[in-house]
Amino acid sequence: SSGINAEYGGIFAPGMVIGDVVPDFTLMEEMEVMMSSIDKKDNTNVAIWDLDGGKSVTVTAESPMMQQMLPHSLKYKGPLLSDAVGTISSTRTTLFAATHYAKHVSGSSFNYILTMSMLPWEMSQLSYEFFEYTPTSTGEVKTRKIGGIPASITDIRMLHMFGASENYIVVPLWNIQFAPESLMNVPYDMTHLCHSLRFAYNNPFYMYVMSIATGEVYKFELPAARGVHIMNTFERKNSKGEIELVMDAPTTSDIHELDLNKYCLFDVLKIPNMKNEEFMYKNMPWNTTLRRYILNINTLEYRIEDFPRNWKPLDVEVEFPFTNPAYLGKDYCFCYLQQWKMSTMVMNPMKFDVCKNTSISWREDHKMVMEPVFVANPKPTSEDDGVVMAPVYDNSDGTTELIVWDAKDLKVLARFDNLVKVPLTIHGWWFSD
């Protein structure tokens, strides 16, 4: 969660950070990050893409910049081999993009770039512009713009993750806003994300559905909600033959449980706070609801259904969902998540069955299990035929190991000593041979 104030290969890192920067940015550096082109925007919240079928690892970092490395050696390969990351009008500038991409059943991928007009009379007009990335036989990635969702500079929603079904993209614009205090503070706020995050308690939660084929957009207004990641998205037809888009996501049970305009959630990731027994976040309940949003694009009506909160303990944050990649965009049953109990700083893997509404978990004292990653059996016989793996940090002695669980019952199959201490991490991914 801390940034690096340096130049690496001509790329300024980081662009937008969620923690502290030491030494802090100078005003000149803040302006460079905010006003520079795509090749200068980066940050430390890095996610990994497989855009071209495993030929390379593509890294993005909530910025429109994408860099590639060889998958096994991680040797730097260069910028994304594409005609363009996205075709942007010469009168617009880029702000940020999603860390997580959405994978399509066809093998292509989707991401967005938030752009702002540079014309003085249009500077309040923003657009979430969505692109499709398709690998080609030559190793390049073909880019196609799908469409855009308009936004206002007075209500910029942080879009960290979205979903894709066979024919539609589902975009949850949760109530977490990027809201600089004033135009004078924009350079600082653009490079210090915690300082500029606000929660729009009195605004709707907007969800958009976009046709992959035509770019047509359907808009839904829902009660305010806080979320970050999603479990899965798929489409179906109801008994009347109407098209419904279904999105499952972990959400905060009570958005007023913590005043998000007073405290920054990411402060909990700072090591001094983790060790501080008096730190406020540890001494309050964290309650999560796994929620299903059902959007009918024929009637523009929606329904919200909550899954039963049947895990133990209840006062934990349940987040970082990981679903079998073969079932993304399809009707599914199983999702693997992380339980995070703030009072003890213990993190456990959890399996939730959305078909039977049941959950199981694994726990050991002092163990902090990072994002659980599902890896399928090469010849699977069921959706949960495979293993779950994660790096596990022991907060009693600072050691780290990789644990592998059976994806069906979360029984430990293997443990591997990391030999070196690996610090606390968040996201994970698996690349097969």
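What follows is a set of questions and replies about labels used for this structure.

Me: What kind of model is this, and how are its residues numbered?
Reply: This is a predicted model, where local features need pLDDT of at least 70, side-chain atom pairs count only at pLDDT 80 or more, and totals for chains, interfaces and linings use all residues. Residues are numbered from 1 along each chain as its sequence is written, and side-chain values use heavy atoms, with hydrogens and water left out.

Me: Why is K351 called buried?
Reply: Buried means under 20% relative accessible area, exposed means over 50%, and partly exposed is in between (1.4 Å probe, protein chains only). K351 has 6% relative accessibility, so K351 counts as buried.

Me: Where does K351 lie?
Reply: K351 is in strand β25, residues 346-353. Strands here are DSSP runs of E with at least two residues, while helices are runs of H or I with at least four; both are numbered from the N terminus.

Me: What makes the link between K351 and K408 a polar contact?
Reply: A polar contact is a pair of N or O atoms within 3.5 Å; within protein, one must be able to donate a hydrogen and the other to accept it, and residues adjacent in sequence count only if both atoms are side-chain atoms. A polar atom of the K351 side chain lies 3.0 Å from the backbone oxygen of K408.

Me: How do you know that the charged end of K351 sits over the ring of F334?
Reply: The rule asks for NZ of Lys or CZ of Arg within 6 Å of the ring centre and within 35 degrees of the ring normal. The charged end of K351 sits over the F334 ring, 4.3 Å from its centre.

Me: Which residues does K351 touch?
Reply: Contact means heavy atoms within 4.5 Å. Leaving out residues up to four places away in sequence, K351 touches F334, C335, Y336, T358, S359, I360, D384, A407, K408 and L410. Of these, C335 counts as buried, at 0% relative accessibility. L410 is buried too, with a relative accessible area of 3%.

Me: What is notable about the phi of L410?
Reply: L410 is not a glycine, yet has a positive phi of about 60°. L410 sits in the loop between β30 and β31 (412-417).

Me: What makes C333 and C355 a disulfide?
Reply: A disulfide is a pair of cysteine sulfur atoms within 2.5 Å. The sulfur atoms of C333 and C355 are 2.0 Å apart, and the two form a disulfide. C333 is in the loop between β23 and β24, and C355 is in the loop between β25 and β26 (358-361); the pair links distant parts of the chain, 22 residues apart. By this rule the count comes to one disulfide.

Me: Why is the disulfide of C333 and C355 called left-handed or right-handed?
Reply: The torsion about its S-S bond is about -90°, so the disulfide of C333 and C355 is left-handed.

Me: Is C355 buried, exposed or partly exposed, and what makes it so?
Reply: C355 has a relative accessible area of 44%, so C355 is partly exposed.

Me: Why is the pair of F307 and F352 called edge-to-face?
Reply: Rings of Phe, Tyr and Trp (its six-membered ring) pair if their centres lie within 6.5 Å; planes under 30 degrees apart count as stacked, over 60 as edge-to-face and the rest as tilted. The structure holds twelve aromatic pairs. In one of them, the ring centres of F307 and F352 are 5.7 Å apart and the planes are at 70°, so the pair is edge-to-face. Both F307 and F352 are buried.

Me: What makes W362 and W405 an aromatic pair?
Reply: Their rings are 5.3 Å apart, centre to centre, with 70° between the planes, and this pair is edge-to-face. W362 lies in the loop between β26 and β27 (367-369) and W405 in strand β30 (residues 400-406), so the pair ties together parts 43 residues apart in sequence. W405 is buried, with a relative accessible area of 0%.

Me: How do you know that β19 and β20 pair?
Reply: Two strands pair if DSSP finds at least two bridges between them. Six bridges join β19 (residues 232-237) to β20 (residues 243-252), and the strands run antiparallel. They form a hairpin with five residues between them.
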